[in-house]
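Here are my notes on this model, set out as numbered points. Please read them with the structure open.

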Amino acid sequence: MLDLGQFILLCTVAGLVGLDATATLQVMLSRPLVVGGLMGWLLGDLALGMTVGGLIELLWVGGLPVGSLVPPDSTVAAGLAAVIAVHLRGASADPGASAA
């Protein structure tokens, strides 16, 4: 279970990274692979975060923020999926299981 400090940290990081989609320099930090890895790293499981981020990235690989196009919000999807996957893995009965 997330404590309040972790929750605020994850929300702040996701919000700041989400600004990259269209509001600021667009250096592609808001891509699902980066967001999933970042959330996984903050929760202590970088590999699982990168895996989930990679899967979400494959779903939204064509949605680049070019010109005035506003793609679907893959940042929120990747961040939430990574957090859920890390916590499901932690809640698993077998610590070495990859059921998440």
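**Notes on the predicted model**

1. Start with a loop residue. Leu29 sits in the loop between H1 and H2. Its relative accessibility is 43%, so Leu29 counts as partly exposed. Keep in mind that this is a predicted model.

2. Leu29 belongs to a nonpolar surface patch of about 790 Å². The other members are Leu25, Val27, Leu33, Val34, Trp41, Leu46 and Met50. Two elements, H2 and H3, give two or more residues to the patch. H2 supplies the largest share, with three residues.

3. Now the overall fold. The protein chain contains four helices and zero strands. Along the sequence the pattern reads α-α-α-α.

4. How many salt bridges does the model have? The count is two, taking a side-chain nitrogen of Lys or Arg within 4 Å of a carboxyl oxygen of Asp or Glu as the rule. In general, side chains of opposite charge can pair when their charged atoms come close.

5. One salt bridge joins Arg31 and Glu57, with the closest N and O atoms 2.7 Å apart. Arg31 lies in the loop between helix H1 (4-18) and helix H2 (32-43), while Glu57 is in helix H3 (residues 46-59), so the pair ties together parts 26 residues apart in sequence. Are the two partners buried or exposed? Both Arg31 and Glu57 are buried.

6. Asp45 and Arg89 also form a salt bridge. Here the closest N and O atoms are 3.6 Å apart. Asp45 lies in the loop between H2 and H3, and Arg89 in helix H4 (residues 74-91), so this pair ties together parts that are 44 residues apart in sequence.

7. Check the burial of this pair separately. Asp45 has a relative accessible area of 17%. The cut-off for buried is under 20%, so Asp45 is buried. Arg89, at 27%, is partly exposed. That value falls between the 20% and 50% limits, which is why Arg89 gets this label.

8. Contacts across the chain deserve a look too. Consider those in the protein chain with a separation of 6 or more. Residues 24 or more positions apart account for 60% of them.

9. Last, burial and surface for the whole chain. Of its 100 residues, 32% count as buried. The protein chain exposes about 6,100 Å². Carbon and sulfur atoms supply 73% of that area.

Note on methods:
Residues numbered from 1 in each chain as written. Predicted model: local features only at pLDDT ≥ 70, side-chain atom pairs only at ≥ 80, totals over all residues. Heavy atoms only, no water. Buried < 20%, exposed > 50% of the residue type's maximum accessible area, 1.4 Å probe, protein only. Patch = residues over 30% accessible without salt bridge, like charges linked within 9 Å, V, L, I, M, F, W, Y side chains within 5 Å. Areas by Shrake-Rupley, 256 points an atom, 1.4 Å probe, with all protein chains shown as cover. Contact = heavy atoms within 4.5 Å.
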